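Me: I would like to go through the empty spaces and the surface of this model with you, one question at a time.

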Amino acid sequence: MTFLILCINPLLGLIYAIHTCLKNKHVSRLKLIIVTTIVFFFLGTSIELTNINADLGQYFSWLPDYVDVRYDDLLREAINEKNFFFLQQLMLAFFAKLHNNRLFSGFVVAVFYTCYMYIVTTYFKENSYQENSIIKKEVVTYFGLFIISFGWVLTNVRNPMANALVAVAIFRDLYLHKKNIITILIYGLALSMHVAVLPIIICRIFTGILFGKSLLHRFFNVVFGVLLVFVGLHSNIINMTSDKIGTYGLGSNGGGFSEYARTSIYYQINSLFLLWIMLFALILITIAKRQKTIFEEQFRVFLTMATVLAILSYFLPTPLIDRYGMLVEIFMPLIISSINLSQMERTARIVIYLLIISTGVLGFVWQIAFLSFQINILNFLGKVFLGLWALLLG
(Lines give C-alpha, C1' and ligand atoms only; values in the text may rest on other atoms or scores of the structure.)
Protein backbone atom coordinates (compact mmCIF):
# COMPACT_ATOMS: atom_id res chain seq x y z
CA MET A 1 0.00 0.00 0.00
CA THR A 2 2.81 2.41 0.89
CA PHE A 3 4.51 1.91 -2.47
CA LEU A 4 1.22 2.42 -4.35
CA ILE A 5 0.47 5.70 -2.57
CA LEU A 6 4.12 6.73 -3.00
CA CYS A 7 3.78 6.33 -6.76
CA ILE A 8 0.50 8.24 -6.89
CA ASN A 9 1.78 11.12 -4.80
CA PRO A 10 5.12 11.16 -2.90
CA LEU A 11 3.94 13.48 -0.12
CA LEU A 12 0.86 11.37 0.56
CA GLY A 13 3.11 8.33 0.56
CA LEU A 14 5.34 9.90 3.19
CA ILE A 15 2.34 10.85 5.36
CA TYR A 16 0.97 7.32 5.09
CA ALA A 17 4.38 5.82 5.93
CA ILE A 18 4.75 8.06 9.00
CA HIS A 19 1.25 7.13 10.17
CA THR A 20 1.78 3.41 9.64
CA CYS A 21 5.27 3.13 11.11
CA LEU A 22 4.69 5.30 14.17
CA LYS A 23 1.31 3.79 15.01
CA ASN A 24 2.34 0.17 14.53
CA LYS A 25 5.39 -0.84 16.57
CA HIS A 26 5.76 -3.99 14.47
CA VAL A 27 6.47 -2.01 11.29
CA SER A 28 10.18 -1.48 10.71
CA ARG A 29 11.41 2.07 11.19
CA LEU A 30 13.88 1.34 8.37
CA LYS A 31 10.87 1.37 6.02
CA LEU A 32 10.00 4.91 7.10
CA ILE A 33 13.60 6.08 6.72
CA ILE A 34 13.80 4.62 3.20
CA VAL A 35 10.47 6.19 2.20
CA THR A 36 11.67 9.55 3.58
CA THR A 37 14.86 9.29 1.52
CA ILE A 38 12.92 8.47 -1.66
CA VAL A 39 10.36 11.25 -1.17
CA PHE A 40 12.84 14.02 -0.45
CA PHE A 41 15.18 12.87 -3.19
CA PHE A 42 12.23 13.17 -5.57
CA LEU A 43 11.33 16.61 -4.20
CA GLY A 44 14.92 17.74 -4.61
CA THR A 45 15.03 16.60 -8.24
CA SER A 46 11.73 18.37 -8.98
CA ILE A 47 12.95 21.93 -8.45
CA GLU A 48 13.68 24.59 -11.01
CA LEU A 49 15.94 27.14 -9.34
CA THR A 50 15.09 30.80 -9.95
CA ASN A 51 17.25 32.50 -7.31
CA ILE A 52 20.65 32.61 -9.02
CA ASN A 53 22.28 33.94 -5.84
CA ALA A 54 21.43 30.80 -3.90
CA ASP A 55 24.36 28.56 -2.93
CA LEU A 56 22.80 25.74 -4.95
CA GLY A 57 23.08 27.87 -8.10
CA GLN A 58 26.79 28.37 -7.46
CA TYR A 59 27.29 24.63 -7.07
CA PHE A 60 25.49 24.03 -10.34
CA SER A 61 27.92 26.45 -12.02
CA TRP A 62 30.92 24.61 -10.50
CA LEU A 63 29.88 21.12 -11.55
CA PRO A 64 31.18 21.35 -15.16
CA ASP A 65 34.66 22.15 -13.84
CA TYR A 66 34.79 18.78 -12.07
CA VAL A 67 33.71 16.51 -14.93
CA ASP A 68 37.23 15.30 -15.72
CA VAL A 69 38.68 15.60 -12.22
CA ARG A 70 40.00 12.34 -10.73
CA TYR A 71 39.23 11.37 -7.14
CA ASP A 72 42.80 10.37 -6.38
CA ASP A 73 44.00 13.78 -7.59
CA LEU A 74 41.59 15.49 -5.22
CA LEU A 75 42.74 13.38 -2.30
CA ARG A 76 46.39 13.95 -3.14
CA GLU A 77 45.82 17.68 -3.38
CA ALA A 78 43.94 17.70 -0.06
CA ILE A 79 46.83 15.87 1.65
CA ASN A 80 49.48 18.13 0.15
CA GLU A 81 47.59 21.29 1.10
CA LYS A 82 46.44 19.88 4.47
CA ASN A 83 42.90 20.65 3.44
CA PHE A 84 40.47 19.04 5.88
CA PHE A 85 37.43 20.30 3.96
CA PHE A 86 37.79 18.06 0.93
CA LEU A 87 34.34 16.50 1.07
CA GLN A 88 32.87 19.27 -1.05
CA GLN A 89 35.30 18.58 -3.90
CA LEU A 90 34.65 14.83 -3.78
CA MET A 91 30.91 15.46 -3.85
CA LEU A 92 31.17 17.82 -6.82
CA ALA A 93 33.43 15.42 -8.72
CA PHE A 94 30.97 12.56 -8.21
CA PHE A 95 27.85 14.40 -9.36
CA ALA A 96 29.64 16.20 -12.20
CA LYS A 97 30.26 12.82 -13.80
CA LEU A 98 26.53 12.04 -13.70
CA HIS A 99 25.78 15.08 -15.91
CA ASN A 100 22.48 15.75 -14.15
CA ASN A 101 22.13 18.68 -11.75
CA ARG A 102 18.80 17.39 -10.52
CA LEU A 103 20.48 14.36 -8.97
CA PHE A 104 22.74 16.67 -6.97
CA SER A 105 19.85 18.73 -5.54
CA GLY A 106 17.96 15.51 -4.77
CA PHE A 107 20.97 14.13 -2.90
CA VAL A 108 21.34 17.28 -0.77
CA VAL A 109 17.83 17.19 0.71
CA ALA A 110 17.73 13.38 0.89
CA VAL A 111 20.81 13.35 3.16
CA PHE A 112 19.34 15.94 5.49
CA TYR A 113 15.88 14.42 5.92
CA THR A 114 17.22 10.88 6.16
CA CYS A 115 19.32 11.99 9.13
CA TYR A 116 16.30 13.74 10.65
CA MET A 117 14.07 10.68 10.34
CA TYR A 118 16.82 8.39 11.67
CA ILE A 119 17.06 10.48 14.84
CA VAL A 120 13.30 10.75 15.38
CA THR A 121 12.44 7.10 14.70
CA THR A 122 15.39 5.80 16.73
CA TYR A 123 14.34 7.99 19.65
CA PHE A 124 10.81 6.60 19.58
CA LYS A 125 12.12 3.07 19.29
CA GLU A 126 14.33 3.54 22.35
CA ASN A 127 11.46 4.87 24.48
CA SER A 128 8.17 3.27 25.38
CA TYR A 129 5.66 5.88 24.36
CA GLN A 130 2.53 6.49 26.40
CA GLU A 131 -0.49 5.53 24.32
CA ASN A 132 -2.70 8.06 26.12
CA SER A 133 -0.31 10.96 25.65
CA ILE A 134 -2.01 13.90 23.94
CA ILE A 135 1.17 14.82 22.06
CA LYS A 136 1.46 11.90 19.66
CA LYS A 137 4.55 10.72 17.85
CA GLU A 138 3.03 11.74 14.55
CA VAL A 139 2.40 15.28 15.73
CA VAL A 140 5.97 15.96 16.81
CA THR A 141 7.35 14.28 13.68
CA TYR A 142 5.24 16.53 11.45
CA PHE A 143 6.11 19.51 13.65
CA GLY A 144 9.79 18.98 12.87
CA LEU A 145 9.08 18.68 9.15
CA PHE A 146 6.99 21.87 9.25
CA ILE A 147 9.48 24.10 11.09
CA ILE A 148 12.55 22.97 9.12
CA SER A 149 12.69 25.03 5.95
CA PHE A 150 12.88 22.73 2.93
CA GLY A 151 13.96 25.71 0.81
CA TRP A 152 16.83 26.48 3.16
CA VAL A 153 17.97 22.86 3.19
CA LEU A 154 17.78 22.73 -0.59
CA THR A 155 19.55 25.96 -1.49
CA ASN A 156 22.28 26.14 1.18
CA VAL A 157 23.75 22.72 0.32
CA ARG A 158 26.74 22.10 2.63
CA ASN A 159 25.62 23.71 5.87
CA PRO A 160 22.34 21.79 6.22
CA MET A 161 24.07 18.50 5.43
CA ALA A 162 26.81 19.28 7.95
CA ASN A 163 24.16 20.13 10.57
CA ALA A 164 22.29 16.90 9.90
CA LEU A 165 25.45 14.80 10.13
CA VAL A 166 26.66 16.41 13.35
CA ALA A 167 23.14 15.99 14.80
CA VAL A 168 23.37 12.23 14.11
CA ALA A 169 26.80 12.14 15.76
CA ILE A 170 25.55 14.05 18.82
CA PHE A 171 22.48 11.80 19.08
CA ARG A 172 24.56 8.62 18.87
CA ASP A 173 27.12 10.04 21.29
CA LEU A 174 25.06 11.70 24.03
CA TYR A 175 21.74 9.87 23.80
CA LEU A 176 22.48 6.37 22.54
CA HIS A 177 25.94 6.39 24.18
CA LYS A 178 27.51 4.86 21.07
CA LYS A 179 30.93 6.41 21.48
CA ASN A 180 32.55 4.31 18.80
CA ILE A 181 34.55 4.76 15.62
CA ILE A 182 31.37 5.23 13.54
CA THR A 183 30.29 8.18 15.69
CA ILE A 184 33.76 9.74 15.48
CA LEU A 185 33.74 9.24 11.70
CA ILE A 186 30.37 11.04 11.44
CA TYR A 187 31.78 13.93 13.49
CA GLY A 188 34.69 14.08 11.04
CA LEU A 189 32.43 14.00 7.98
CA ALA A 190 30.29 16.81 9.38
CA LEU A 191 33.33 18.99 10.09
CA SER A 192 34.84 18.19 6.70
CA MET A 193 31.57 19.26 5.08
CA HIS A 194 31.48 22.71 6.76
CA VAL A 195 33.64 24.52 9.34
CA ALA A 196 30.50 26.03 10.91
CA VAL A 197 29.92 22.83 12.90
CA LEU A 198 33.18 23.35 14.82
CA PRO A 199 31.51 25.49 17.54
CA ILE A 200 28.90 22.74 17.94
CA ILE A 201 31.62 20.14 18.46
CA ILE A 202 33.36 22.47 20.93
CA CYS A 203 30.07 22.77 22.85
CA ARG A 204 29.94 18.97 22.92
CA ILE A 205 33.49 18.77 24.34
CA PHE A 206 32.82 21.39 27.04
CA THR A 207 29.59 19.61 27.95
CA GLY A 208 31.49 16.37 28.42
CA ILE A 209 34.26 17.98 30.47
CA LEU A 210 31.90 19.84 32.80
CA PHE A 211 29.02 17.36 33.04
CA GLY A 212 30.53 13.97 32.30
CA LYS A 213 29.16 11.02 34.26
CA SER A 214 32.50 10.17 35.79
CA LEU A 215 36.07 11.36 36.00
CA LEU A 216 36.98 8.86 33.28
CA HIS A 217 34.34 10.27 30.93
CA ARG A 218 35.61 13.78 31.55
CA PHE A 219 39.16 12.66 30.88
CA PHE A 220 38.15 11.16 27.53
CA ASN A 221 36.49 14.46 26.59
CA VAL A 222 39.73 16.29 27.40
CA VAL A 223 41.57 13.81 25.16
CA PHE A 224 39.01 14.39 22.40
CA GLY A 225 39.53 18.14 22.73
CA VAL A 226 43.32 17.77 22.57
CA LEU A 227 42.96 15.53 19.51
CA LEU A 228 40.78 18.16 17.83
CA VAL A 229 43.41 20.84 18.52
CA PHE A 230 46.12 18.53 17.14
CA VAL A 231 44.14 17.95 13.94
CA GLY A 232 43.47 21.67 13.68
CA LEU A 233 47.16 22.53 13.98
CA HIS A 234 48.08 20.04 11.28
CA SER A 235 45.37 21.05 8.83
CA ASN A 236 43.60 24.19 7.67
CA ILE A 237 40.82 23.99 10.29
CA ILE A 238 42.24 26.77 12.49
CA ASN A 239 43.03 29.03 9.54
CA MET A 240 39.56 28.51 8.09
CA THR A 241 37.95 29.20 11.47
CA SER A 242 40.02 32.35 11.90
CA ASP A 243 38.96 33.58 8.47
CA LYS A 244 35.29 32.98 9.28
CA ILE A 245 35.59 34.80 12.61
CA GLY A 246 37.28 37.70 10.84
CA THR A 247 34.43 37.81 8.33
CA TYR A 248 31.40 37.21 10.54
CA GLY A 249 32.59 37.76 14.13
CA LEU A 250 32.00 40.78 16.34
CA GLY A 251 33.75 43.85 15.01
CA SER A 252 33.67 42.63 11.41
CA ASN A 253 31.61 44.06 8.58
CA GLY A 254 30.03 40.68 7.88
CA GLY A 255 31.49 40.30 4.39
CA GLY A 256 29.55 40.45 1.15
CA PHE A 257 26.92 38.06 2.48
CA SER A 258 26.06 40.58 5.20
CA GLU A 259 24.61 43.00 2.64
CA TYR A 260 22.26 40.31 1.39
CA ALA A 261 21.26 39.40 4.96
CA ARG A 262 20.45 43.02 5.78
CA THR A 263 18.46 43.69 2.61
CA SER A 264 16.64 40.40 2.04
CA ILE A 265 13.24 40.36 3.70
CA TYR A 266 13.22 36.58 3.31
CA TYR A 267 16.47 36.16 5.22
CA GLN A 268 15.33 38.54 7.96
CA ILE A 269 12.01 36.74 8.45
CA ASN A 270 13.76 33.38 8.42
CA SER A 271 16.18 34.58 11.12
CA LEU A 272 13.36 35.94 13.27
CA PHE A 273 11.41 32.69 12.94
CA LEU A 274 14.49 30.71 13.99
CA LEU A 275 15.01 33.08 16.92
CA TRP A 276 11.48 32.30 18.10
CA ILE A 277 12.11 28.55 17.71
CA MET A 278 15.24 28.86 19.86
CA LEU A 279 13.39 30.77 22.60
CA PHE A 280 10.59 28.19 22.49
CA ALA A 281 13.19 25.42 22.73
CA LEU A 282 14.65 27.02 25.88
CA ILE A 283 11.19 27.10 27.45
CA LEU A 284 10.62 23.43 26.66
CA ILE A 285 14.10 22.39 27.87
CA THR A 286 13.43 24.22 31.15
CA ILE A 287 10.16 22.32 31.56
CA ALA A 288 11.96 19.05 30.78
CA LYS A 289 14.54 19.82 33.47
CA ARG A 290 11.90 20.49 36.12
CA GLN A 291 10.04 17.29 35.25
CA LYS A 292 13.26 15.26 35.34
CA THR A 293 12.46 13.64 32.01
CA ILE A 294 14.29 10.84 30.23
CA PHE A 295 16.90 13.29 28.95
CA GLU A 296 20.15 12.79 30.81
CA GLU A 297 21.82 15.91 32.15
CA GLN A 298 24.66 15.93 29.63
CA PHE A 299 22.34 15.73 26.61
CA ARG A 300 20.02 18.37 28.05
CA VAL A 301 22.91 20.71 28.87
CA PHE A 302 24.29 20.30 25.35
CA LEU A 303 20.91 21.19 23.83
CA THR A 304 20.81 24.27 26.06
CA MET A 305 24.32 25.31 25.00
CA ALA A 306 23.52 24.76 21.31
CA THR A 307 20.34 26.81 21.64
CA VAL A 308 22.16 29.66 23.36
CA LEU A 309 24.86 29.50 20.65
CA ALA A 310 22.15 29.89 18.00
CA ILE A 311 20.58 32.84 19.82
CA LEU A 312 23.94 34.60 20.21
CA SER A 313 24.70 34.05 16.52
CA TYR A 314 21.59 36.06 15.67
CA PHE A 315 23.28 39.21 17.02
CA LEU A 316 26.46 38.91 14.93
CA PRO A 317 27.06 41.55 12.19
CA THR A 318 25.59 38.95 9.85
CA PRO A 319 22.89 36.90 11.63
CA LEU A 320 24.10 33.31 11.46
CA ILE A 321 21.26 31.77 13.40
CA ASP A 322 20.45 29.61 10.38
CA ARG A 323 23.86 27.97 10.84
CA TYR A 324 23.07 26.76 14.37
CA GLY A 325 19.31 26.98 14.76
CA MET A 326 18.89 24.15 12.28
CA LEU A 327 20.60 21.73 14.69
CA VAL A 328 18.12 22.58 17.45
CA GLU A 329 15.19 22.28 15.03
CA ILE A 330 16.22 18.71 14.27
CA PHE A 331 15.98 17.85 17.97
CA MET A 332 12.69 19.71 18.61
CA PRO A 333 10.49 16.57 18.23
CA LEU A 334 12.60 14.87 20.90
CA ILE A 335 12.39 17.85 23.24
CA ILE A 336 8.61 18.14 22.91
CA SER A 337 7.87 14.43 23.26
CA SER A 338 10.10 14.15 26.34
CA ILE A 339 7.72 16.43 28.25
CA ASN A 340 4.71 15.01 30.07
CA LEU A 341 2.19 17.77 29.46
CA SER A 342 -0.44 16.03 31.57
CA GLN A 343 1.61 16.91 34.65
CA MET A 344 1.35 20.63 33.89
CA GLU A 345 -1.36 22.97 35.07
CA ARG A 346 -4.30 23.27 32.68
CA THR A 347 -3.56 26.87 31.64
CA ALA A 348 0.14 26.19 31.03
CA ARG A 349 -0.73 23.03 29.09
CA ILE A 350 -3.13 24.89 26.82
CA VAL A 351 -0.54 27.60 26.18
CA ILE A 352 2.07 25.00 25.17
CA TYR A 353 -0.45 23.28 22.89
CA LEU A 354 -1.29 26.57 21.19
CA LEU A 355 2.37 27.47 20.80
CA ILE A 356 3.15 24.11 19.21
CA ILE A 357 0.21 24.32 16.80
CA SER A 358 0.73 27.97 15.84
CA THR A 359 4.48 27.50 15.40
CA GLY A 360 3.96 24.44 13.21
CA VAL A 361 1.37 26.20 11.04
CA LEU A 362 3.54 29.30 10.74
CA GLY A 363 6.52 27.14 9.80
CA PHE A 364 4.54 25.41 7.04
CA VAL A 365 3.24 28.69 5.61
CA TRP A 366 6.71 30.19 5.72
CA GLN A 367 8.12 27.19 3.86
CA ILE A 368 5.80 27.85 0.93
CA ALA A 369 6.62 31.58 0.92
CA PHE A 370 10.37 30.96 1.05
CA LEU A 371 10.19 28.32 -1.68
CA SER A 372 8.34 30.73 -3.96
CA PHE A 373 11.33 33.05 -3.69
CA GLN A 374 13.92 30.36 -4.38
CA ILE A 375 12.35 28.13 -7.03
CA ASN A 376 9.60 27.98 -9.65
CA ILE A 377 6.91 27.07 -7.14
CA LEU A 378 4.13 26.31 -9.65
CA ASN A 379 6.38 24.00 -11.62
CA PHE A 380 7.47 22.34 -8.38
CA LEU A 381 3.94 21.77 -7.11
CA GLY A 382 2.91 20.45 -10.49
CA LYS A 383 5.62 17.82 -10.40
CA VAL A 384 4.73 16.90 -6.84
CA PHE A 385 1.09 16.35 -7.71
CA LEU A 386 2.02 14.29 -10.74
CA GLY A 387 3.89 12.02 -8.38
CA LEU A 388 6.93 9.85 -8.77
CA TRP A 389 6.15 9.16 -12.43
CA ALA A 390 7.32 12.68 -13.27
CA LEU A 391 10.80 11.66 -12.21
CA LEU A 392 10.70 8.28 -13.92
CA LEU A 393 9.46 9.72 -17.23
CA GLY A 394 11.86 12.70 -17.04
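Me: How many cavities of 30 Å³ or more does the count come to?

Reply: This is a predicted model, in which local features need pLDDT of at least 70 and side-chain atom pairs count only at pLDDT 80 or more, while totals for chains, interfaces and linings use all residues. Residues are numbered from 1 along each chain as its sequence is written, and side-chain values use heavy atoms, with hydrogens and water left out. On a 1 Å grid over the protein atoms alone, a cavity is a set of points where a 1.4 Å probe fits but cannot get out. By this rule, the count of cavities of 30 Å³ or more comes to one.

Me: Which residues that line the largest cavity are the closest to its centre?

Reply: The largest cavity has a volume of about 60 Å³, a volume being the space filled by probe spheres set on the grid points, which are joined across faces, edges and corners. Lining residues have an atom within 4 Å of a point, and of the 13 that line this cavity, the closest to its centre are Ile147, Ser149, Asn270, Leu274 and Glu329.

Me: Is valine 365 buried, partly exposed or exposed?

Reply: Valine 365 lies in helix α19, helices being DSSP runs (H or I, at least four residues) numbered from the N terminus. Buried means under 20% relative accessible area and exposed over 50%, with partly exposed in between (1.4 Å probe, protein chains only). Because its relative accessibility is 48%, valine 365 counts as partly exposed.

Technical notes
Helix = DSSP H or I, 4+ residues; strand = E, 2+ residues; numbered from the N terminus. 1 Å grid on protein atoms, 1.4 Å probe; cavity = no way out; pocket = protein on both sides within 12 Å on 5 of 7 lines; lining within 4 Å.
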